[in-house]
Protein chains: 2
Amino acid sequence: MTDTLDRTRLGGPVNPSASLLRPLGPSEVRIAGGFWGEKQELNAGSIIGHCLTWMERIGWVGNFDRAADGTVAEHHDGIEFVDSEVYKLLEAMAWELGRTPDGPLETVYRELVERVAAAQEPDGYLHTSFGRPGQPPRYSDLEWGHELYCFGHLFQAAVARYRTGHDDTLVAVARRLADHVYTEFGPEGRDAICGHPEIETALVELGRALREPRYIELAGLFVERRGRRTLKTTLFQGSEYFLDDVPVRRADVLRGHAVRAMYLSAGAVDVATESGDAELLDALRRQWDNTVAHRTYVTGGIGSHHQNEEFGSDFELPADRAYAETCAAIGSVMFSWRLLLQTGDARYADLIERTLLNAVLVSPREDGRAFYYANTLHQRVAGSEPDEDEVSERAESSMRAPWFEVSCCPTNVARTLASVSSYVATATDDGVQLHLLADAEVETTVETGAVRLAVRTGGYPYAGSIEIDAESEGEVEVRVRIPGWAAGAVARFRGEELPVVDGYARARAHFVSGDRIHLDLPMEPRLTYPDARIDALRGTVAVERGPLVLCAESTDLPSGVDVSRIALDAGVPLGYLPDGATVAIAIAEPRDASWPYGDAESDETVTTATARLIPYHRWANRGPSTMRVFLPVTAAH
Amino acid sequence: MTDTLDRTRLGGPVNPSASLLRPLGPSEVRIAGGFWGEKQELNAGSIIGHCLTWMERIGWVGNFDRAADGTVAEHHDGIEFVDSEVYKLLEAMAWELGRTPDGPLETVYRELVERVAAAQEPDGYLHTSFGRPGQPPRYSDLEWGHELYCFGHLFQAAVARYRTGHDDTLVAVARRLADHVYTEFGPEGRDAICGHPEIETALVELGRALREPRYIELAGLFVERRGRRTLKTTLFQGSEYFLDDVPVRRADVLRGHAVRAMYLSAGAVDVATESGDAELLDALRRQWDNTVAHRTYVTGGIGSHHQNEEFGSDFELPADRAYAETCAAIGSVMFSWRLLLQTGDARYADLIERTLLNAVLVSPREDGRAFYYANTLHQRVAGSEPDEDEVSERAESSMRAPWFEVSCCPTNVARTLASVSSYVATATDDGVQLHLLADAEVETTVETGAVRLAVRTGGYPYAGSIEIDAESEGEVEVRVRIPGWAAGAVARFRGEELPVVDGYARARAHFVSGDRIHLDLPMEPRLTYPDARIDALRGTVAVERGPLVLCAESTDLPSGVDVSRIALDAGVPLGYLPDGATVAIAIAEPRDASWPYGDAESDETVTTATARLIPYHRWANRGPSTMRVFLPVTAAH
């Protein structure tokens, strides 16, 4: 690592003081068109504005105005953590402004920040639901009040602004608020934690950005205080729900509320990194391993209980009751990314790509104006078109909804898409590593000098022929991730096949103009079988194609056939489609019995057909439908 | 039907003004030892006392004392519907006193009634959580306050007392309370309903017992008012949860909160019966048919979502997430029994027996001092021994608990066991029908005179050789139910095989001393396959034996083997055990992979063994264990 780099101003959402891989900031890597470019355009052109419009309309932004003018105790809109939605949107805007500065968004951003800042109290405290006459006192409901959780999102928004080159209002607001929190909860303050982790990772990052070790120290305290069962439990939410059942460093697997688990884990990696706490880091790697091996859907989604939005037991992964909350998937990306930076292990990058493409991107509708909160892998009953003007509940059994009463997911999608370039590449002293295969331009400096990469995917994740033009000052190593699913992938450079070590094809050279790495990935659809211990998936198979999980949507089946009637004939080769696959299916005749248990396996009349499978993340964009990812296999196989 | 019978004083918990089958009261039918006799002894000797002790200890009975002395607004124990637990216990005691009068229980009962009665207000209102200064006003929270729900349970307790020969304090209390409710909610009162149905069926029965048509009229209003979306919904509980989404007479299937659905349906049958409303009755039969065919576990249990304790979609019946609440099963018995009385259809009796033996009896521990609230069909992780002195949450993932914060199930089990003789037999003008096969003595009067039956089961539901001694004045028809599972059953009388018509073996005779009907039921264990559309059960099979669903409990497997590792070899004949079965199993070696999805079906190393299966309702009586009802079938089959 060169000493000349100022790591405090570089990096995206995460920039450890020390790590095996150095993350690249928006000035070093940018998405250049292609699949992810389209998603970033969707975010800039639709999602961000949609979120702002909704939050203005239903008063969540107005809460700050009313906090400033003293009327919020009489009239507060939304639940007690809606402040955080405004902060996540500010974070999304900041990253977007880093990508495309100086447009009209800058004005919108500044005005919104001013309204937030006006609500800050003289001692730094800033929350629209607590502390005023007529409101609950500050910190009177740490289990459910989400005060520190909201602060965390404000800190992350401030980091985004700072890391995109501005040390302005929101950064100052964050500094005052963090100082206040340090006083209240630091070594001399309350020995307490927030019911919903988030502030831990946010405090570390704010501390890294602003070079303020007290913030990092406080994050460490929050991590260490957890797991002592100090949070008051309820009839339905026990200590496990809050991850307060076992200290982080002693747990073996993630459990409880999936979003809480992921945010906490991300913060704990940050704390372990800054304190050089190898035991804590090992515990988190162990938890990641066990969670991925036993408690993760094929999409990368997590959380198999709707009740409490929780993890289930090992191998309890029902497709039809997959909760797989969008925010939990985003939290998983946060956690995996931090471990990738520490270890360089390709498995973390594999899960990040899988999760982004399948478990996160399924959330926004194609027009960016409706979202899934929970993401089932099996829709049994066709939903109904949402009312575009209505705030929805969680839309668990219907189509995407424009907004939710608890609307954590849309703004989380917005900030993730705005900063998705962060996950493309990292650097070391002697080279650059490409993790997320995306059309992108990378330009950074390593020990020998500048390195420039231009990645053109030619349509990835649909197509698999990728070109990387490289130039460097001096000899460097360029590593290109070969995804775990891509058996038979070949990377070539200067006529030679590149060696693949630990999941990365490696080219070491003094790259000169015209140097190009070619990567060929196998894009034929393939069958994916679940572990025999996933009871809910016994006798089924999924189809994947490249990094995309495919699904059968009733829209693509013969008229009147829903997905409960089809089975896949695994004896017929899968067919290739540019964006999916075709499969041979058997369609069972509708029939009924008065009791669904009998003395023989049911004998069905079937017809056969060919069905198209589409990428899972694109389902439910063509009207109400049924859908399933895992298809029963016909009895013959 | 003879005109001389006073139907108001006969009958058990249900006694319609008119029905195809006339229910028999405690003076006409009694359990005489055997399986159900043991359960009634367990109830009398353990469960009832356990419930009373707990409710004294944690203040739920004391609430009534504090209501009487004016201090309950300052100190109320438990949630707002704990009054109902005291009433359900009073109902249990009343039925038990009908069975075994004049013991010390009579004194305990009377004292408890006096404490309840002392809390009644001058205008008849009686609830410990509402209406006093410092409490929410009466009827200010109809969605969640459960006031009318509690009243319903008081009415049912009063009916039990009245039908067992007493017109004393609780009956008077009920009358005053029902008059109050009629004033408040009748034709001149509020156009409103309770969030939790229960008062409907209770008002009809109180009206039947006390010959008060206003109560029946009010029940009809409550049924008709439902389904108009007048109950205020929440973020998580919509109109469907409350069964307030569609009018009862227009719905096709049960949905929403399973207990609410069953209690409402029972009350709606009662209303349809009293008003001769064939359309409403048809709607309820249709809902029963669809619910049984598509939304019922093999145990008879219902409710496949922990979230909201709700029904899932059709065929969404995960074994591991079966909620199958004990109270929902009891509600199902209530609903089916009412339809059986109206129609005489053996399918209702089949489901009653299945549900009682499997979905209800699984709740109490063998010693009657701990209970399941939810009843999974697949326990993945061994629980822990409960603290015998601690109030539990719902004990969803552990062993039975002694008491719950919401403790609806133990007292519901108590009242059901105390009145289980009600389900044994009915009468018509010309004969008697045996529905629930139990050791019992039946003595009633039909048009030709007295009929006496003595049923000895010889160990049913474990053994299948049943004898029924019969005597009658004049010619009558005795019908004996041949369970739906009992293919090949044979009933003989006077050397002849009896004809079986519509599920009942029928013997018409002038029965004289020495006349005996022999019934032989096939008690070999048998394989039961789930409908192919129950995705969660694909590739599995259950084993049933007689009316009992069996299960594999890890206690009966080789040391260290839990149920996730076993599969049943359906090619090996099942073995007979006096109380269960043996099966050939394959045991997979423990193994692990870092990602539980792969490009081939997993290839496991297995050993083979023979395993014992026990009745499902008896599991978890031998320490922490894992358990499953549906076993994967080995790949060879």
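A disulfide is a pair of cysteine sulfur atoms within 2.5 Å. The model treated here is predicted.

**Exercise 1.** Count the disulfides over all chains, and test A:Cys551 and B:Cys51 against the cut-off.

*Solution.*
- Start with A:Cys551. The closest cysteine sulfur is in A:Cys409, 19 Å away, so the pair is too far apart for a bond.
- A:Cys551 is also buried, at 1% relative accessible area.
- Take B:Cys51 next. The nearest cysteine sulfur belongs to B:Cys409 and lies 11 Å away; B:Cys51 is in no disulfide.
- B:Cys51 is buried too, with a relative accessible area of 0%.
- The count over all chains is zero disulfides.

**Exercise 2.** Locate the largest nonpolar core and describe the surroundings of B:Leu154.

*Solution.*
- The largest core holds 223 residues. Among the members that touch the most others are B:Trp36, B:Leu154 and B:Phe155.
- Domain 1 (425–520) and domain 2 (526–632) of chain B both contribute residues, so this core lies between them.
- Leave out residues up to four places away in sequence. B:Leu154 then touches B:Tyr87, B:Val116, B:Leu126, B:Leu170, B:Val173, B:Ala174 and B:Leu177.
- A second, separate core has 198 residues, including A:Leu52 and A:Phe404.

**Exercise 3.** Check chain A against the rule for a compact globule.

*Solution.*
- For 637 residues, the rule puts the radius of gyration near 26 Å. Chain A has 24 Å, which agrees.
- Its C-alpha trace spans about 75 × 65 × 50 Å along the principal axes.
- Buried residues make up 66% of chain A.
- Take contacts between residues at least 6 apart in sequence: 68% join residues at least 24 apart.
- The secondary structure of chain A comprises 13 helices and 24 strands.

Conventions
Residues are numbered from 1 along each chain as its sequence is written. Chains are lettered from A and ligands numbered from 1 in the order in which they are written. This is a predicted model: local features need pLDDT of at least 70, side-chain atom pairs count only at pLDDT 80 or more; totals for chains, interfaces and linings use all residues. Side-chain values use heavy atoms; hydrogens and water are left out. Buried means under 20% relative accessible area, exposed over 50%, partly exposed in between (1.4 Å probe, protein chains only). A nonpolar core is a set of buried Ala, Val, Leu, Ile, Met, Phe, Trp, Tyr and Cys residues joined through side-chain atoms within 4.5 Å. Domain bounds come from an automatic or database domain assignment. Contact means heavy atoms within 4.5 Å. Helices (H or I, at least four residues) and strands (E, at least two) are DSSP runs, numbered from the N terminus. The radius of gyration is taken over C-alpha atoms; the globule rule is 2.2 Å times the number of residues to the power 0.38.
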